[in-house]
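Please look over the model shown here, and keep both its sequence and its fold in view while reading.

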Amino acid sequence: MSHSNIIRKLKTLGYASPESFNPIREKEFRNMVVWLEDQKIRIYKIEDRAELRKLESPHWMNSFHQYCTDVGLPITLLSTPLEQIEWLLGHASRLEYADNVDQYKSQTAEFVSSNQSSAPKVVSTNPLDNLNFDSPEFKKGVNSLAEKLKIRPHPNHLTTLEACCKLISARLNEDALAHPEFVIPKGKPFPFLEIDNGFTLPDPVLNKAAKILNLLYIHDLRDLQTKINEAIVAVQTVTANPKTDTKLGKVGF
């Protein structure tokens, strides 16, 4: 069962925050079991749910296994939390339908279609919403832009577009155009193909690709170190310059 199906069923059952639910997290799983029993399944009397509500108890799984037996969940066949939640959600949905048959009988395909057709249509003013990103014209435009920016096109035109966006945001923004000397590399190109990186692959093509990836990794580390240094400097401007009042004989106010 996909996460989108879980979200859809939780929305149908009226769960408050379906998008944030993750059955892999033990606490959320236990809370969901209790919520389903309290709100939808209700196989136990209120006073009989006490052990199930003790979410922090080391014996909670024993209570849950007993609950599975009572509700009819085949726990020997469905052993993972995802499978168990899937079954409980399906069971709760069936009970919800049985409790509100008359309400759901009116929800036919014709009824839903008529409601959708009568709903007001929202017209977007963003021209990008009307673009077909897989049309031949769009692909041609992306490749034309890449050619002007001297970017080698990728088989996936969306990857090419992403590369164009990165170049434009880094080299053609307002600050870069005003001070191009800050963004245009100076000096001789680094001969990375001639440098020994400590490894050699038998395939020359793979070896070249590995050297490029290694250089990109070093670049990312350098960028991370720069950001760490900037953070340290920012903190030091606050912590290393306390205000001192010598008359009071103490630091700070």
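The paragraphs below turn to a pocket and then to a single arginine.

The coordinates come from a predicted model, and the account begins with its largest pocket, which holds about 720 Å³ of space. Ten names make up its lining: Lys166, Leu167, Ala170, Arg171, Val183, Phe192, Ile212, Leu215, Leu216 and His219. By residue class, that lining divides into seven nonpolar residues, two charged ones and one polar one. In terms of secondary structure, helix H9 (157-171) supplies at least two of the lining residues, and helix H11 (204-239) likewise supplies at least two. In terms of domains, the pocket draws at least three lining residues from domain 2 (131-187) and at least three from domain 3 (189-238), so that both domains contribute to the wall, given that the domain bounds come from an automatic or database assignment.

The other site to examine is Arg49, which is found in the loop that runs between helix H2 (26-41) and helix H3 (50-53). Is Arg49 buried or exposed? Its relative accessibility is 7%, and because buried means under 20%, Arg49 counts as buried. The side chain of this arginine is joined to the side chain of Glu37 by a polar contact of 3.3 Å, and a polar contact of 3.1 Å links the side chain of Arg49 with that of Asp38. When neighbours within four places in sequence are set aside, the contacts of Arg49 are Glu37, Asp38, Arg42 and Tyr44, a list that includes both of the acidic partners just named, Glu37 and Asp38.

Technical notes. Residues numbered from 1 in each chain as written. Predicted model: local features only at pLDDT ≥ 70, side-chain atom pairs only at ≥ 80, totals over all residues. Heavy atoms only, no water. 1 Å grid on protein atoms, 1.4 Å probe; cavity = no way out; pocket = protein on both sides within 12 Å on 5 of 7 lines; lining within 4 Å. Points joined across faces, edges and corners; volume = space filled by probe spheres on them. Helix = DSSP H or I, 4+ residues; strand = E, 2+ residues; numbered from the N terminus. Nonpolar A, V, L, I, M, F, W, Y, C, P; charged D, E, K, R; others polar. Buried < 20%, exposed > 50% of the residue type's maximum accessible area, 1.4 Å probe, protein only. Polar contact = N/O pair within 3.5 Å; in protein donor to acceptor, adjacent residues only side chain to side chain. Contact = heavy atoms within 4.5 Å.
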